[in-house]
Amino acid sequence: MTLYENPMYLEDIVKVANLDLPWDKLQGRSVLISGATGLVGSFLVDVLMEKNEKGLDCTVYALGRNAERAAKRFTRWEGSTFLRFIPYDINQPFRRDDLGKVDYILHLASNTHPMQYATDPIGTITTNIIGLTNMLDFAVAHEAVRFAFSSSNEVYGENRGDVELFAEDYCGYINCNTMRAGYPESKRCGEALCQAYKAQKGLDIVIPRLTRSYGPTMLMSDTKAISQFIRKGIAGEDIILKSTGTQFFSYTYMADAVSGLLTVLLCGESGEAYNIADVTSDIMLKDLAAIIAETAGKEVVFELPDALEASGYSTATKARLDGSKLRALGWKPAYEIREGLRRTIAILKEII
């Protein structure tokens, strides 16, 4: 079974495609998505193509490094004139005169899991800064109506103990003189770069801040803790927890992450950042592991990580995001953490 044959996954697509959003802004327009074969980007492509089935007439340019992976991932839309995959490494300058004006750009491409931070710290930083610069230059050259930079909960750093939830203006502690700081500091720099392009080039920019996202579109190579837990769960194995598990984080199901992205893109105020998060999906890591173990009928096993793994882990122990600013735009999640995990595991069990 493929994702497109799974009723629950199709239900997720339709649910987001039927949201009460100003879709008319995309009518007859073009949307370019970097990181289009990733966890969030691939579902976003599916939602936009579902809207095209209902008459949106929106051209979707999907950027990614692997054309074979894209062809396999988007089989449902094979032959559609509305979807065009463009092989591209965002670390390279990007200009396509054949595309003409590109209306909306969502920059989602990034190294997004701990093993990459540890094994390719240089690539992590350059992708987040040089890659973003290339996409911003493309947006200016192609007269984009709006540019959305997908930022991260990691820009908040460590909780200083003075707040329970991170609002968009919070700034916690990051020790920049460490290898692990490469990811959050380059995301912080990326946000500042966006503001520079807004001021100097007149580019309309919004900044959705994603928190720890999960769902059936996850890559099997993903080394985030929640992804490792899910892989163990669908394999019917014990869940391995490589810490005490007291880290308290916000999580977002794939469909809710994309509905948040679209809300920011179509309704957000230029220059503003928005947390895509809701307290119904805030959970301690040990409780997250327990839910997945319970679903799989297995146990949680504690195991110390090796030095390489540990070097890629965030040192933050509490990172809960305040989503009230986004909710004020009309966004609300469809799934709390337990239901999101249940759907993820049920879908993946059928397609893997």
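**Exercise 1. Take the salt bridge between Glu294 and Arg338: how far apart are the closest N and O atoms, and where do the two residues lie?**

Step 1. Start with the criterion: a salt bridge here is a side-chain nitrogen of Lys or Arg within 4 Å of a carboxyl oxygen of Asp or Glu. Glu294 and Arg338 meet it, with their closest N and O atoms 3.7 Å apart.

Step 2. Now place the partners. Glu294 is in helix H9 (residues 285-296) and Arg338 in helix H12, so this is a link between distant parts of the chain, 44 residues apart. Helices (H or I, at least four residues) and strands (E, at least two) are DSSP runs, numbered from the N terminus.

Step 3. Check the burial. Glu294 is exposed at 59% relative accessibility, while Arg338 comes out as partly exposed at 43%. The cut-offs: buried is under 20% relative accessible area, exposed is over 50%, and partly exposed is in between (1.4 Å probe, protein chains only).

Before you go on, keep in mind that this is a predicted model, where local features need pLDDT of at least 70 and side-chain atom pairs count only at pLDDT 80 or more, while totals for chains, interfaces and linings use all residues. Residues are numbered from 1 along each chain as its sequence is written, and side-chain values use heavy atoms, with hydrogens and water left out.

**Exercise 2. Which residues does the salt-bridge network join, and what does the pair Arg343 and Glu11 tie together?**

Step 1. Salt bridges with shared partners put Glu11, Asp12, Glu339, Arg342 and Arg343 into one network. For context, a search of the whole structure turns up 23 salt bridges.

Step 2. Zoom in on Arg343 and Glu11: their closest N and O atoms are 2.9 Å apart. Arg343 belongs to helix H12 and Glu11 to helix H1, so the pair ties together parts that are 332 residues apart in sequence.

Step 3. Compare the surroundings. Arg343 is buried, at 4% relative accessible area, whereas Glu11 is partly exposed, at 39%.

**Exercise 3. Where do Asp103 and Arg29 lie, and is each one buried or partly exposed?**

Step 1. Asp103 and Arg29 form a salt bridge, with the closest N and O atoms 3.0 Å apart.

Step 2. This pair, too, links distant parts of the chain: Asp103 sits in the loop between E3 and strand E4 (104-107), and Arg29 in the loop between H1 and strand E1 (30-34), 74 residues apart.

Step 3. Asp103 counts as buried at 7% relative accessibility; Arg29, at 32%, counts as partly exposed.

**Exercise 4. What kind of aromatic pair do Tyr4 and Trp77 form, and which residues share their cluster?**

Step 1. Rings of Phe, Tyr and Trp (its six-membered ring) pair if their centres lie within 6.5 Å; planes under 30 degrees apart are stacked, over 60 edge-to-face, and the rest tilted. The structure holds 9 such pairs.

Step 2. Tyr4 and Trp77 are 6.1 Å apart centre to centre, with 75° between the planes, which makes the pair edge-to-face.

Step 3. Tyr4 lies in the segment before helix H1 (7-17) and Trp77 in the loop between helix H3 (67-73) and strand E3 (83-87), so the pair ties together parts 73 residues apart in sequence. Both partners are buried: Tyr4 at 12% relative accessible area and Trp77 at 5%.

Step 4. Widen the view: Tyr4, Tyr9, Phe43 and Trp77 form one aromatic cluster.

**Exercise 5. Which charged residues lie over the faces of Phe249 and Tyr274?**

Step 1. The test is NZ of Lys or CZ of Arg within 6 Å of the ring centre and within 35 degrees of the ring normal.

Step 2. Arg212 lies over Phe249, at 3.6 Å from the ring centre, and Lys325 lies over Tyr274, at 4.8 Å.

**Exercise 6. Where do Asp57 and Glu143 lie, and what is phi near in each?**

Step 1. Most residues other than glycine have a negative phi.

Step 2. Asp57 has a positive phi, near 60°. Asp57 is found in the loop between helix H2 (39-53) and strand E2 (59-64) and is partly exposed, at 37% relative accessible area.

Step 3. Glu143 also has a positive phi, near 55°. Its place is the loop between helix H5 (121-141) and strand E5 (146-149), and Glu143 is exposed, at 53%.
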